[in-house]
Amino acid sequence: MKSVKTEPPGRKTVQDLIGKALCAASLAYAPYSRFQVGAALLCADGSVCTGCNVENASYPAGLCAERAAVAKAVSGGKREFAAIAIVGGRDGKVTDFCPPCGICRQVLREFADPKRFYVILAASADRYRLFTLEELLPESFGPEKL
Ligand code: THU
């Protein structure tokens with residue numbers, strides 16, 4: 001639930017996450033949209049869990065890269081996260097930012113303090129934008145509301 005880091009990740013960490021997200025995107029299973037997405041989720045213990053989108057012939061059954069990364073982390077016993085880097089592009093060519101969909105923002109919210117969790121949108125290792133989750137999902141609904 002809580003994120004440990006309060007400072008935004010430094011350039012070296014950001015670039016490491018972007019590199020891992022790009023590798024993850026290359027593994028995407030996206031035969032329908034051909035839009036390949038990769039995510040690299042930095043856990044509070046310093047480990048990184050990656051994910052890619054996994055599409056399905058029954059389209060709504062497809063899974064986004066960010067949620068694949070969260071599922072990998074949580075099923076490995078990790079629930080505290082500091083940041084996520086996301087990349088995406090048609091046929092794996094990343095030329096622009098790939099903002100997370102609304103469902104993925106909400107899933108990240110489940111495990112993050114929105115003021116202290118960082119979302120890195122990257123077009124390359126040098127071209128990226130850093131947001132707090134709160135900026136991308138203001139006035140959010142989370143577990144502490146229940
Ligand atoms: N996609 C993601 O993996 N993450 C997002 O946040 C946006 C969309 C995937 C879903 C689908 O496989 C493809 O991109 C096109 O929508």
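Select Glu 134 first: at 33% relative accessibility, the residue counts as partly exposed. The coordinates come from a predicted model. Glu 134 forms a salt bridge with Lys 115, and the closest N and O atoms are 3.1 Å apart. Glu 134 lies in helix H4 (residues 133-136) and Lys 115 in the loop between H3 and S4, so the pair ties together parts that are 19 residues apart in sequence. Lys 115 counts as exposed, at 53% relative accessibility.

**Thr 132**

Keep Lys 115 displayed and add Thr 132, which has its place in strand S5 (residues 128-132). Is Thr 132 buried or exposed? At 15% relative accessibility, Thr 132 counts as buried. Leaving aside neighbours within four places in sequence, Thr 132 is in contact with Pro 114, Lys 115, Phe 117 and Tyr 118.

**More salt bridges**

Side chains of opposite charge can pair when their charged atoms come close. The structure holds six salt bridges, among them the Glu 134 to Lys 115 pair just visited.

Select Arg 11 and Asp 126 next. Their side chains meet in a salt bridge, with 3.6 Å from N to O. Arg 11 lies in helix H1 and Asp 126 in the loop between S4 and S5, so this pair ties together parts that are 115 residues apart in sequence. Arg 11 is partly exposed, with a relative accessible area of 47%, whereas Asp 126 counts as exposed at 58%.

Then select Arg 34 and Asp 91. The side chains of Arg 34 and Asp 91 meet in a salt bridge at 2.6 Å, N to O. Distant parts of the chain are linked by this pair: Arg 34 is in the loop between H1 and S1, Asp 91 in the loop between S3 and H3, and they are 57 residues apart. Arg 34 is partly exposed, with a relative accessible area of 39%. Asp 91 is partly exposed as well, with a relative accessible area of 33%.

**Aromatic rings**

How many aromatic pairs does the structure hold? There are two aromatic pairs. For one of them, select Tyr 32 and Tyr 59: the ring centres are 5.4 Å apart and the planes stand at 40°, so the pair is tilted. Tyr 32 sits in the loop between helix H1 (11-25) and strand S1 (35-43), and Tyr 59 in the loop between strand S2 (48-52) and helix H2 (65-75). The two tyrosines are 27 residues apart and link distant parts of the chain. Tyr 32 counts as partly exposed at 37% relative accessibility, while Tyr 59 is exposed, with a relative accessible area of 59%.

Now select Phe 81 and Phe 111, an edge-to-face aromatic pair with 6.0 Å centre to centre and 70° between the planes. This pair also links distant parts of the chain, its members being 30 residues apart: Phe 81 is in strand S3 (residues 81-90), Phe 111 in the loop between helix H3 (102-110) and strand S4 (118-122). Phe 81 is buried, with a relative accessible area of 2%. Phe 111 is buried too, with a relative accessible area of 17%.

For another ring, show Phe 97 together with Arg 127. Arg 127 lies over the face of Phe 97, at 5.1 Å from the ring centre.

**A surface patch**

Return to Tyr 32 and Tyr 59 and add Tyr 29, Val 54 and Leu 63. These residues form a nonpolar patch on the surface, with about 500 Å² of accessible area together.

**Cys 64**

Which loop holds Cys 64? Cys 64 is found in the loop between S2 and H2, where Tyr 59 is found too. Cys 64 is partly exposed, with a relative accessible area of 24%. Leaving aside neighbours within four places in sequence, Cys 64 is in contact with Cys 52, Asn 53, Cys 101 and Cys 104. For Cys 64 and Asn 53, eleven residues apart along the chain, the C-alpha atoms are separated by 4.4 Å.

**Helix H2**

Finish with H2. Its buried residues are Ala 65, Glu 66, Arg 67, Ala 68, Ala 69, Val 70 and Ala 73. What covers these buried residues of H2? The cover includes S1, S2, S3 and H3; show those elements around the helix to view it. Just after H2, select Gly 77, which takes a positive phi of about 90°.

Technical notes
Residues are numbered from 1 along each chain as its sequence is written. This is a predicted model: local features need pLDDT of at least 70, side-chain atom pairs count only at pLDDT 80 or more; totals for chains, interfaces and linings use all residues. Side-chain values use heavy atoms; hydrogens and water are left out. Rings of Phe, Tyr and Trp (its six-membered ring) pair if their centres lie within 6.5 Å; planes under 30 degrees apart count as stacked, over 60 as edge-to-face and the rest as tilted. Helices (H or I, at least four residues) and strands (E, at least two) are DSSP runs, numbered from the N terminus. Buried means under 20% relative accessible area, exposed over 50%, partly exposed in between (1.4 Å probe, protein chains only). A charge sits over a ring if NZ of Lys or CZ of Arg is within 6 Å of the ring centre and within 35 degrees of the ring normal. Patches are made of residues with over 30% relative accessible area and no salt bridge: like charges are joined within 9 Å, nonpolar side chains (Val, Leu, Ile, Met, Phe, Trp, Tyr) within 5 Å. Accessible areas come from the Shrake-Rupley method with a 1.4 Å probe; for residues, only the protein chains shown count as cover. A salt bridge is a side-chain nitrogen of Lys or Arg within 4 Å of a carboxyl oxygen of Asp or Glu. Contact means heavy atoms within 4.5 Å.
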